[in-house]
Amino acid sequence: MSLIDKLTDLKIDEKILILLIFIGFGTVLIISYFYYPDPNPRTSLCAFYNLTHLPCPGCGLTRSFCAMAKGEFIDAFSFHLLGPLMFFTTTITWIASLLAIFGIDKPIKYLYLLFTKDLSIKLFAVILAIYWIARLSIILLTKF
């Protein structure tokens with residue numbers, strides 16, 4: 001049973017769930033616009049990076065997401081290639097939840113079907129793994 005199936009089994013009212021998505025994703029988008037992470041941090045909270053001095057699969061996602069919120073597209077892609085995709089997905093989901101609040105619920109139902117498919121989750125994981133391996137390969141090849 002997937003996580004989405006477990007959440008569905010909680011029997012949360014659909015309107016409350018849509019409102020929570022609207023508030024939650026809206027908050028993330030607002031914070032990402034006003035938050036300025038250091039583009040070249042001297043310290044890291046990432047345990048993997050602190051142990052290996054190599055980036056983990058998610059290193060740079062926050063900086064990339066925040067750069068997208070400010071329209072800094074080149075910086076966003078340089079911090080992490082998948083950050084703009086995550087920003088786009090978050091924005092589209094937020095817009096779909098806003099439409100659902102006003103009674104246009106077809107987009108949010110389509111996104112729900114898309115995101116609850118195991119294939120889309122697995123595809124994202126594979127893309128993230130491929131990107132991470134390529135990123136590590138480039139870093140290690142330039143060191144030697």
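How many helices and how many strands does the secondary structure of this chain come to? It comes to eight helices and zero strands, where helices are DSSP runs of H or I with at least four residues, strands are runs of E with at least two, and both are numbered from the N terminus. Before I go on, please keep in mind that this is a predicted model, in which local features need pLDDT of at least 70 and side-chain atom pairs count only at pLDDT 80 or more, while totals for chains, interfaces and linings use all residues. Residues are numbered from 1 along each chain as its sequence is written, and side-chain values use heavy atoms, with hydrogens and water left out.

Let me start with the chain as a whole. Along its principal axes the C-alpha trace spans about 55 × 35 × 25 Å, and of the 144 residues 27% are buried, buried being under 20% relative accessible area with a 1.4 Å probe and protein chains only. If we take the contacts, meaning heavy atoms within 4.5 Å, that have a separation of 6 or more, then 59% of them are accounted for by residues 24 or more positions apart.

Now to the interior. The largest nonpolar core, that is, a set of buried Ala, Val, Leu, Ile, Met, Phe, Trp, Tyr and Cys residues joined through side-chain atoms within 4.5 Å, has eight residues, namely Leu 29, Phe 65, Ala 67, Met 68, Ala 69, Ala 76, Phe 79 and Phe 87. Two elements, α4 (61–69) and α5 (73–79), give two or more residues to this core, and α4 gives the most, with four. Apart from this core lies another, of five residues, which include Ile 18, Ala 96, Ile 108 and Leu 111. As background, nonpolar side chains in soluble globular proteins tend to be buried together.

Staying with Leu 29 for a moment, and leaving aside residues up to four places away in sequence, we find that it touches Phe 65, Phe 87, Thr 90, Thr 91 and Trp 94.

What, then, covers the buried residues of α4? The cover includes α2 (14–34), α5 and α6 (83–101), and α4 is mostly covered, with seven of its nine residues buried. Those buried residues are Leu 61, Ser 64, Phe 65, Cys 66, Ala 67, Met 68 and Ala 69, so the list holds Ser 64 alongside residues of the core definition such as Phe 65 and Met 68. After α4 comes Gly 71, whose phi is positive, near 80°.

Note on methods:
Buried means under 20% relative accessible area, exposed over 50%, partly exposed in between (1.4 Å probe, protein chains only).
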